[in-house]
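Thanks for coming, everyone. I'll put the structure up and then walk you through a few spots in it.

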Amino acid sequence: MSYKKLFEQWNNVNEMEAVWKDDLKLLANDEKRQEDAFYRDLEFGTGGMRGEIGAGTNRINNYTVRKATTGLVEYIKVAGTEAMNRGVVIAYDSRRFSPEFAKEAARTLAAGGVKAYVYTEPRTTPQLSFSVRELNAYMGIVITASHNPPEYNGYKVYGQDGAQLNLLDADSVIEYVKKAGDALSIKNDEVNEELIVYLDESIDASYIDALKTVQENSTLAQKTDLKVVFTPLHGASGETVQRILSEAGYQHIFYVNEQMEPNGEFPTVVSPNPEEKSAFEYAIQYGEKHGADLLIAVDPDGDRVGAAVKTDSGYKLLTGNQTGAILIEYLLMMRKEKGTMPANGRVFKTIVTSDLGRVIAEYYGASTEDVLTGFKFIGEKIKNYEETKEFEFLFGYEESYGYLVKDFARDKDAVQSVLVLVEAAAYYKQQGLTLVDVLNNLYERHGYYLEGLVSVTKKGISGAKAIANLLEQIRVNPIKEIAGIEVLSQEDYLSSIRTFTDGREQEQILLPSSNVLKYFLADGSWVCVRPSGTEPKVKYYFGVISESAEESKQKLEAIKESFSSNLNQYLE
């Protein structure tokens, strides 16, 4: 059906809620936006769905949420009565319509005979992951669009292990969602209210108790004069972080009052993304006022964390890779000193994450395993090794500011990370060191690893085609050198083939198929190309290593410029 006919169909639904009716009126006079709202169904991918809020098949609204949940109901029914009775936990963050979409999902589950556990106030994504395991639920749903702008929301699905669905299960759910039919025709009027259970504070308390176990030295809190500023950026983590830091005993924590309350408009930030310097504007003001040693910001759904450290020249923002390296160094050092380091300990990271974490892990006698981008792949590894006992989970992380310290949650957990970051900063302050000093010491020990990221946004139908064309062109025309440095090998994760330029036979890559290409250069640098799975972007990742900071900076800029200018021609 054409987008115009779909628009007319939606426009003719008399009982449609006023908010969507008003949106349709705006679309009537905007041909381009009307096409974008109806040219396809909002994609339900391996991690769920994310899109702009509004009327239309390519928007997130109560109708598309109902359709997605109907597919989930059918998937659960196939698993049987026990799965239906175990039910689905639903949490949501502070975004526009998050409570409404959570309620819509709960009613749709209950209408299909599936039990629903629902939080009545915003909770973090990692707490949702924890709750699935704590309640022995069959699945979980969290309503969030992470750090996207206010006009976005999303719907993420979790399996019974508390991790995002693995590819096989996700593909199965996707098929059921596709079969759910026309979103407008799905009703959930007849609901067995007894199947909807509202969660109380007992789950919060259980999560807090679990969080306390991530501490390596719980006595530091009473001894330290470390000063910390924290902001949840109007998201769901504020109350939980405040509670855990208080119960842990930290005395000098300053909270950015203007940003503590959940607010989906994110009124005080340009972007609620801890990767962006602008997200720290208020935190820096608080830091300067109170003389804080450390600033911490967490994204709206509480799974990613950014940090800034006080230096003589102001606050230095750490990258996701740098924070990950510091956390690995602190945690493994402490476990080594305490004699609790397992012989088969393993760190997990993604293919676009710095190799500095790998060499730190090796320094302490642990191994490292790379997975595809997406924390669901780390969650899947945790489950696999939990069953085989081949390796013991030590730490999991990705360059995009996501970390997991202990696996009672199976997704990245910013609250765990906050507690360990504060503890690490307190520990090193006793030794007269800041976290930046720790980072510099790691560079001196292991080499100056430096990473970069370039994101190119291409919206709409034409943008999707341009990104697809780029990936096709660099497969047809293999890249042989970047910034004058020879490419030694290429990993194509779509074909799962590793190719060498020195004549060696191709090798199989033992990872799931994904539309990603990675290049390894003669000087130890690497470059990776990956379309974003949640935004209309293609991303170029870069990693270099040199013997000095300046050399790494120069090399990184040269490779970024050469590679980006070469590839961007395919996007025009």
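So, Y255: leaving aside residues up to four places away in sequence, it touches F230, V241, Q242, L245, M260 and Y286. Y255 sits in strand β8, residues 253-255. And I should say right away that this is a predicted model. Is Y255 buried or exposed? Its relative accessible area is 14%, and because the cut-off for buried is under 20%, it counts as buried. Take one of those partners, Y286: Y255 and Y286 are 31 residues apart in sequence, but 8.3 Å apart in space, C-alpha to C-alpha.

Some of those names come back elsewhere. V418 touches F230, V241 and L245, and also I296, V298 and V305, again not counting residues up to four places away in sequence. V418 and L245 are both on the list of residues with the most contacts inside the largest nonpolar core, along with I296, Y330 and F395. That core has 91 residues. Which helix gives the most to it? That's α16, residues 414-430, with 12 residues. Apart from this core lies another one, of 54 residues, and among them are F44, Y92, A116 and V118.

Now over to β14, residues 392-398. This strand is mostly covered, with 6 of its 7 residues buried. On one pairing, β14 runs parallel to β12, residues 345-350, and 5 bridges join the two. There you can find K349 opposite Y397 in β14. β14 also pairs with β15, residues 402-404, this time antiparallel and through 3 bridges. If you want a register point, G396 has L404 in β15 as its bridge partner. β14 and β15 make a hairpin with 3 residues between them, and in the turn Y401 has a positive phi of about 70°.

Next, the open sheet. It's built from 6 strands in the order β1-β5-β4-β2-β3-β6, with mixed pairing. The edges are β1, 49-52, and β6, 196-198, each pairing on one side only. Ignoring direction, neighbouring strands here are turned by 15° against each other on average. Inside the sheet, β4 (residues 139-143) and β5 (residues 152-158) run antiparallel, joined by 4 bridges. For a landmark there, look for V142 opposite K156 in β5.

What packs on this sheet? Helix α7, residues 125-134, does, touching β2, β4 and β5, and its direction makes about 165° with that of β4. Helix α6, residues 98-111, lies across β2, β3, β4, β5 and β6, running at about 170° to β2.

α6 has a helix partner as well: α4, residues 62-79, packs with it at about 35°, with the axes 9 Å apart. The crossing is right-handed. From α4 you get N62, V65, R66, T69, T70 and V73, meeting F101, E104, A105, T108 and L109 in α6. By class, that contact has 5 nonpolar, 4 polar and 2 charged residues.

Last stop, the start of the chain. α1, residues 3-11, and α2, residues 18-28, pack at about 145°, and their axes are 10 Å apart. Here the crossing is left-handed. F7, W10 and N11 in α1 meet K21, L24, L27 and A28 in α2. The residues of this contact divide into 5 nonpolar, 1 polar and 1 charged.

That's my tour, so over to you.

Technical notes: Residues are numbered from 1 along each chain as its sequence is written. This is a predicted model: local features need pLDDT of at least 70, side-chain atom pairs count only at pLDDT 80 or more; totals for chains, interfaces and linings use all residues. Side-chain values use heavy atoms; hydrogens and water are left out. Two strands pair if DSSP finds at least two bridges between them. Axes are lines fitted to C-alpha atoms, for helices over the stretch in contact, and angles run from 0 to 180 degrees between N-to-C directions. Contact means heavy atoms within 4.5 Å. A crossing is left-handed if the near helix is turned anticlockwise from the far one by less than a right angle, and right-handed if clockwise. Ala, Val, Leu, Ile, Met, Phe, Trp, Tyr, Cys and Pro count as nonpolar, Asp, Glu, Lys and Arg as charged, and the others, Gly among them, as polar. A nonpolar core is a set of buried Ala, Val, Leu, Ile, Met, Phe, Trp, Tyr and Cys residues joined through side-chain atoms within 4.5 Å. Buried means under 20% relative accessible area, exposed over 50%, partly exposed in between (1.4 Å probe, protein chains only).
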